[in-house]
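Student: I am new to this structure and would like a close look at a single part of it. Please take one strand and describe its surroundings step by step.

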Amino acid sequence: MARTVAETSSRPDRARLPDAHISTPARHNGVVHAAAVCFDLHVPESRSLKAKRGAVRPIVDGIRHKYRLSVAEVDHQNQWQRAAIAVAVVAESDGRLRQVLEQVERYVAGAPDVELLDVSTAYLEPEDS
């Protein structure tokens, strides 16, 4: 059973959603267009973890604020010159999904102080029911 954000929130100002939605059957009236993309980065000028964070943090924050996407550093946290960040994208159409993925890739590739080594993308495949 999936939990909602409101159910797991520790903030007292958040109202708890009614449990009625939990037993509602899933609706298959549309297709979900979603992907997760991982960017493998090299930070050549970094000589410490603090310097690496200084180069990677603006990329993560920029993606989060400019594109309003979920993004996190997901690998190489203890290496000075390597980083991997992952971004989750959900869109209303396949065309829009690919457009956003291309924009985010250009943004990461154009970031100062990092070199883009590799990009891997995984697409959510809708279930046939």
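Tutor: The model is predicted. A good place to begin is the largest nonpolar core, which has 25 residues. Those with the most contacts inside this core are Ile63, Ile85, Val87 and Val104. Strand 1, helix 2, strand 3 and helix 3 are the elements that give two or more residues to the core. The part to look at here is strand 1, which covers residues 33–42.

The sheet comes next. Strand 1 belongs to an open sheet of 4 strands, with the order 2-3-1-4 and antiparallel pairing. Strand 2 and strand 4 are the edge strands, and each of them pairs on one side only. Between neighbouring strands of the sheet the turn is 25° on average, with direction ignored. Helix 2 packs on this sheet and touches strand 1, strand 2 and strand 3. The direction of helix 2 makes about 5° with that of strand 3. Helix 3 packs on the sheet as well, touching strand 1, strand 3 and strand 4. Its direction makes about 15° with that of strand 1.

How buried is strand 1 in these surroundings? Of its 10 residues, 7 are buried, so the strand is largely enclosed by the rest of the structure.

Now the two partners of strand 1. With strand 3 (residues 82–91), strand 1 pairs in the antiparallel sense over 10 bridges. On this side Phe39 stands opposite Ile85, and Asp40 stands opposite Ala84. With strand 4 (residues 115–123), strand 1 is joined by 8 bridges, and these two strands also run antiparallel. On that side His42 stands opposite Glu115.

Ile85 links the pairing with strand 3 to the core. It is one of the residues with the most contacts inside the core. Leaving aside neighbours within four places in sequence, Ile85 is in contact with Val37, Cys38, Phe39 and Leu41, among others. Its contacts also include Val56, Ile59, Val60 and Ile63, and further on Ala72, Glu73, Val74 and Val108.

Two residues of strand 1 deserve a separate look. Asp40 lies in strand 1. Its relative accessible area is 18%, and the limit for buried is under 20%, so Asp40 counts as buried. The side chain of Asp40 makes a polar contact of 2.6 Å with the side chain of Arg82. Not counting residues up to four places away in sequence, Asp40 touches His76, Arg82 and Ala83, and also Glu115, Leu116, Leu117 and Asp118.

Cys38 is in strand 1 too. Is Cys38 buried or partly exposed? At 23% relative accessibility, Cys38 is partly exposed. Among the residues that Cys38 touches, with those up to four places away in sequence left out, are Val74, Ala84, Ile85 and Ala86, together with Asp118, Val119 and Ser120. Cys38 and Thr121 are 83 residues apart in sequence, while their C-alpha atoms are 6.4 Å apart in space.

After strand 1 comes a loop. Ser46 has its place in the loop between strand 1 and helix 2 (49–66). Ser46 is buried, at 2% relative accessibility. A polar atom of the Ser46 side chain lies 2.7 Å from the backbone oxygen of Trp80. Apart from neighbours within four places in sequence, Ser46 is in contact with Ala51, Lys52, Trp80 and Gln81.

One further feature lies beyond the other end of helix 2. A search of the whole structure finds 1 aromatic pair. The pair consists of Tyr67 and Tyr107, with ring centres 5.9 Å apart and planes at 80°, so it is edge-to-face. Tyr67 lies in the loop between helix 2 and strand 2 (70–75), and Tyr107 lies in helix 3 (residues 94–109), so the pair ties together parts that are 40 residues apart in sequence. Tyr67 is buried, with a relative accessible area of 18%, and Tyr107 is partly exposed, with a value of 26%.

To return to strand 1: strand 3 pairs with it over 10 bridges, 8 bridges join it to strand 4, and both helix 2 and helix 3 touch it.

Notes: Residues numbered from 1 in each chain as written. Predicted model: local features only at pLDDT ≥ 70, side-chain atom pairs only at ≥ 80, totals over all residues. Heavy atoms only, no water. Buried < 20%, exposed > 50% of the residue type's maximum accessible area, 1.4 Å probe, protein only. Pairing = 2+ DSSP bridges. Polar contact = N/O pair within 3.5 Å; in protein donor to acceptor, adjacent residues only side chain to side chain. Contact = heavy atoms within 4.5 Å. Phe/Tyr/Trp six-rings, centres within 6.5 Å; stacked < 30°, edge-to-face > 60°. Core = buried A, V, L, I, M, F, W, Y, C linked by side-chain atoms within 4.5 Å. Axes fitted to C-alpha atoms, helices over the stretch in contact; angles between N-to-C directions.
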